Structures are given as structure tokens and as C-alpha cells.
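Here is a walk through one protein–ligand model, written for someone who would rather look at the coordinates than at a cartoon. Keep the viewer open while you read.

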Amino acid sequence: MNRSHLILISLIMIVSCKSDKKREFDVKDDQYQKFEIICDRDTTLWSKSGAEITIQANTFPCLSNNKVAIGFVEILDQADMILNEMYTISSDGQMLESGGMFRFKVYGNESASLLKPIQLKVPTQSVHPHMYIFTPSVDDEIITWDKTNTKVFASNSEEISLGDSLYTSLCTSCHASNLRQNLTGPALGNVHLYRDKDWLNDFTRNSINMIASGDSLALCTYTKYRKVVMTSFPFLTDSDIKAIYAFIENQSALQGIGESEMDSVFDCSTIVPSEGFSSDTSSFQRFIFRDSLIRSYLIDMNSLLWANVDAFMRSPNMTSVAPFEIEASQDYEDFIMVLAFANRKTVIPFQKDSDGTYRLRNSIGKEKIQMPLGEEVVLIAYNQSDNFKFVKKTLKIKQNENSLQLELTGQGKAAFDKMMKDFQASLRR
Ligand code: HEC
């Protein structure tokens with residue numbers, strides 16, 4: 001081996017060390033919330049989004065004066081993911097849905113590690129039934145995630161899974177299991193938002209009685225559904241029925257069932273509107289967000305690395321579709337392009353392929369890719385250098401044609417920030 005080989009090898013080592021540093025994929029320090037805590041005392045903190053952080057005494061190594069300065073960061077929605085380049089793809093190329101990415105750090109002590117686990121209680125509107133902790137990995141300078149065996153449970157996961165099994169065994173002979181289609185009985189997606197709780201309770205146990213007693217809403221649904229009578233379930237307790245609707249609520253949120261799909265709402269709603277509901281569409285939208293139940297899930301943080309609460313993407317509409325192929329109208333420098341799902345906390349980066357076309361990272365070299373057909377996605381592309389140009393396009397995932405020509409039409413950092421802010425405001429937490 002001659003001298004130039006040695007130089008080459010050491011150059012390669014320097015380069016790979018450099019990308020090793022990037023391996024940590026830390027977000028900018030200003031994204032962290034800073035706290036100072038007393039080392040030998042139990043402490044409870046609340047994050048910006050309302051996550052409860054329980055820290056036991058002597059969790060952090062303490063250098064002096066019994067105090068330690070710590071930082072906490074949470075990446076909770078698609079906008080945060082895009083701005084921080086924290087994407088949701090597993091290291092084997094599968095799309096993930098994130099329930100949140102979290103990280104702690106200790107200021108002034110680079111080599112610190114956690115001496116005890118920290119418990120997080122994270123508020124959320126929906127809890128995926130198959131969530132696990134994922135840990136960070138690296139692939140070509142992009143963060144990817146490895147599944148661990150640590151399952152994450154909702155605070156009411158038992159209720160939801162009881163509701164799941166009751167709904168599946170008792171209701172799906174007439175009501176669609178995806179909660180979307182009208183079959184013998186109407187689609188029940190989001191039914192908890194437009195029918196009163198007591199009414200749902202009584203109707204589910206014995207709708208025939210309600211029709212006979214002249215309940216106007218029961219009569220209306222009965223008349224509308226070709227006078228098919230729903231089975232009665234006298235053996236269901238109040239808490240069984242509550243569990244069924246907790247499942248329906250959670251499942252509706254997970255599947256991103258939107259207001260526009262809730263046509264049954266308006267059919268009989270003028271007769272007995274549930275509390276707070278008016279058939280006026282604008283107040284209806286507000287109603288959804290005000291009344292959604294906030295749930296939470298619990299995780300233990302065992303290290304100072306990222307913890308990502310994730311599930312592999314699942315959908316009844318998952319189909320083989322043509323991959324997204326994007327041609328940029330010019331060769332931009334410092335260019336980032338991502339596909340964000342409108343109703344899932346999923347953001348997948350694009351990568352420039354050898355032919356100059358941008359393809360989703362998990363679709364490189366593939367003729368078809370598994371995607372939830374018909375779902376709304378948002379394509380966001382920007383280049384930071386050269387006066388900041390960007391574009392945002394809302395698309396639906398189609399079967400055969402997902403290609404497009406892209407031009408960055410927006411200009412300036414301020415306009416980009418405003419676009420991202422509006423995008424964030426449109427997202428479901
Ligand atoms: C034999 C078929 C059948 C089964 C089984 C059945 N339903 Fe129904 N369901 C219907 C039909 C038909 C309607 C509409 C007619 C009516 O209102 O009586 C309906 C209506 C409903 C409604 C009213 C929807 C609205 O717009 O207000 C709810 C809520 C409901 N079902 C819940 C359930 C639940 C929960 C179960 C399982 C525990 C269930 N159903 C099982 C047939 C069924």
C-alpha cells in the first residue's frame with residue numbers, strides 16, 4: 001500500500017466520522033425546552049404540549065450544587081417533522097405512523113446517561129393499537145427507525161380492545177368494519193360526534209323499543225334504512241357499550257375519517273341534534289375538535305437517545321400504486337422534498353434517483369409501492385439556499401399516475417414559515 005492509498009483511506013475515515021456525527025440527528029437546540037431540576041428529588045414537569053414528565057430522584061448524574069440543567073424536545077406532528085427533518089420510515093423501508101418523537105439531553109455533560117428511566121404521559125386524540133418504541137438508526141444521512149419489543153399502551157387500551165372485540169363479533173355482520181361504507185346498517189365512523197351518549201347507549205341495547213316508543217331520531221334512521229331492524233343486545237352493560245364507542249372513536253381518528261365523509265350526520269340530525277351540534281357545517285367542524293376526548297399513553301425513556309412511538313402504517317385501502325415520480329423544473333441546491341400524510345403522522349422523504357427523478361425513499365427501484373389509495377397527502381419541497389423557494393401541493397394517492405412536474409413557486413423564508421404555520425394549524429393532534 002502506497003502513500004496515496006493511506007491518504008485516501010484516512011480521508012474516507014474523516015468523511016465517515018463526519019457523517020457519524022450526523023448520526024445523532026439532533027434537532028437545533030432552540031427546539032428544546034430547558035429545565036433546571038434538583039438532582040436528589042422527585043420532579044414532575046409538563047412539556048409545551050401537555051406531556052407529563054416524571055423524573056425520579058438521582059435520574060441524572062449530578063456534577064455540582066445538586067442541580068442539573070436538562071432539555072426536552074417533542075416532535076408531534078407532520079409540520080414539526082418536516083422542519084426538523086425527522087422522518088417516519090423504518091430502517092427496512094416501511095412507512096411508520098408516529099405518535100411522537102422525544103428526547104432528553106443534559107447540558108454541560110456530554111457523556112451523561114440516564115441512571116433511571118423517565119416516565120412520559122403523552123396526551124393524544126387517538127391511540128394506535130400496535131404502537132412500539134422505535135430507536136434511531138441511520139441510512140444515507142437520513143434518520144430511520146428500528147422497532148424494539150417495547151409496546152406502548154393507551155391509558156384506556158383495555159377499554160378500546162374490549163370495544164374492538166365486541167364490535168367485531170356483534171356489529172360487523174351489518175356495519176362495515178372500516179366504519180366507512182353503508183352496508184345493511186349505516187357507516188358508524190364518528191357516530192359518537194353526532195349522537196348523544198345516552199341515546200347511543202339505549203339505541204345499541206334495544207333500538208326496537210325506541211322505535212316503538214316513537215323516538216324521532218330512531219324512527220328517522222329506521223325509515224331511512226329501508227326499514228331494516230337492528231338486532232337488540234339486552235346483555236350488553238353500559239360499560240360494554242361505552243367501550244364499543246371508545247373503539248369507534250379511536251378507530252375513526254386513526255383512519256382519518258373526515259367531516260366530509262359523515263353524510264349520515266345530516267340525514268336525521270335536524271330531528272334530535274346531540275348537544276352542541278348544529279347542522280351548519282362551520283360550527284360542526286368546531287364541534288369535532290372541541291368534543292374529541294383527549295386520551296394519553298405512557299412510555300418509559302431509558303436513554304438519552306430519541307424514542308419514537310410508532311406503528312407500521314396499516315389501512316384497509318392499502319394497495320399497490322404507481323410510485324410518486326417528481327421532476328423538478330430546475331436543479332435546486334440544498335433541496336428537500338417530502339410527502340406528508342394529511343391524516344396520519346407520517347412524513348416520507350424523497351431522494352434524487354440516478355436518472356435525476358425524485359422518488360420516495362422507499363420506492364427507489366420499485367415498479368409499485370404499497371400506499372393507502374385515495375388518501376390525501378401533501379407534497380412540500382423547498383430549497384434553503386438561493387433566496388428560499390418552496391412549493392406545497394395537496395394530492396390524492398392514485399392508482400396509476402402519481403407523477404408530476406414541480407416548480408418552486410413560493411419565495412422567501414417568511415412566506416415559507418407562514419405556509420408551514422398554516423399547514424400545522426390544519427393538522428389533527
Ligand atoms: C342485523 C343487522 C345489524 C346489527 C347486527 C347491528 N346493527 Fe346497528 N343498525 C342496523 C340498521 C339496519 C340500522 C339503521 C336502522 C335503524 O336505525 O334501526 C342500524 C343503526 C345503528 C345506529 C344508528 C346510526 C345513526 O345514524 O344514528 C347505531 C349507533 C348502531 N346501529 C350501532 C350498532 C352497534 C354498536 C352494533 C353492535 C353492537 C350494531 N349496530 C349491530 C343494523 C344492525
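What follows goes from the overall picture to the sheets, the core and the ligand shell.

## Overall picture

First things first: this is a predicted model. The protein chain has 429 residues, and 31% of them count as buried. DSSP-style bookkeeping gives 11 helices and 21 strands.

How much of the contact map joins residues at least 24 apart? Taking contacts between residues at least 6 apart in sequence, 71% join residues at least 24 apart.

## The eight-stranded sheet

One open sheet has 8 strands, and you can trace them in the order β20-β13-β16-β15-β14-β18-β19-β21, with mixed pairing. The edges are β20 (403-406) and β21 (410-411), and each of these pairs on one side only.

Inside that order, β15 (residues 347-352) and β16 (residues 358-360) run antiparallel to each other, with 3 bridges between them. If you want a pair to click on, F350 has L360 in β16 as its bridge partner.

## The five-stranded sheet

Another open sheet has 5 strands in the order β2-β3-β6-β10-β9, and here the pairing is antiparallel. At its edges stand β2 (43-46) and β9 (153-154); each has a single partner strand, so one side of each is left without a neighbour in the sheet.

Within this sheet, β3 (residues 52-55) is joined to β6 (residues 118-124) by 3 bridges, antiparallel again. One spot to look at is E52, whose bridge partner in β6 is K121.

## Strand β5 and its partners

Is β5 mostly covered or mostly open? Mostly covered: of the 11 residues in this strand (residues 96-106), 9 are buried.

Two antiparallel pairings involve β5. With β4 (residues 67-75) there are 6 bridges, and I70 finds its bridge partner V106 in β5. With β11 (residues 307-312) there are also 6 bridges, and here M101 stands opposite N308 of β11. As background, strands of a sheet pair through backbone hydrogen bonds, either parallel or antiparallel.

## The nonpolar core

The largest nonpolar core takes in 78 residues, and the ones with the most contacts inside it are L120, I299, V338, L339, A340 and I348. Which helix gives the most to this core? That is α8 (residues 238-254), with 7 residues.

A340 is a handy place to start if you want to see who touches whom. Setting aside neighbours within four places in sequence, A340 is in contact with Q78, I82, V347, V377, V378 and I380.

## Around the ligand

There are 25 residues around the ligand, and C171, C174, G185, T221 and M230 come nearest. Two elements, α5 (197-205) and α7 (216-224), give two or more residues to this shell. The biggest share comes from α5, with 3 residues. Sorted by type, the shell has 15 nonpolar residues, 9 polar and 1 charged.

## A closer look at α7

T221 turns up again here: it is one of the buried residues of α7, together with L217 and A218. Viewed down the axis of α7, the buried residues fall within an arc of 100°, so they line one face of the helix. On the other side of α7, S216 and T223 are exposed. After this helix comes R226, which has a positive phi near 50°.

Terms used: Residues numbered from 1 in each chain as written. Predicted model: local features only at pLDDT ≥ 70, side-chain atom pairs only at ≥ 80, totals over all residues. Pairing = 2+ DSSP bridges. Helix = DSSP H or I, 4+ residues; strand = E, 2+ residues; numbered from the N terminus. Near = placed C-beta within 6 Å. Nonpolar A, V, L, I, M, F, W, Y, C, P; charged D, E, K, R; others polar. Core = buried A, V, L, I, M, F, W, Y, C linked by C-beta atoms within 7 Å. Buried ≥ 20, exposed ≤ 12 C-beta atoms within 10 Å, placed from the backbone. Contact = placed C-beta atoms within 7 Å. Arc of directions from axis to C-beta.
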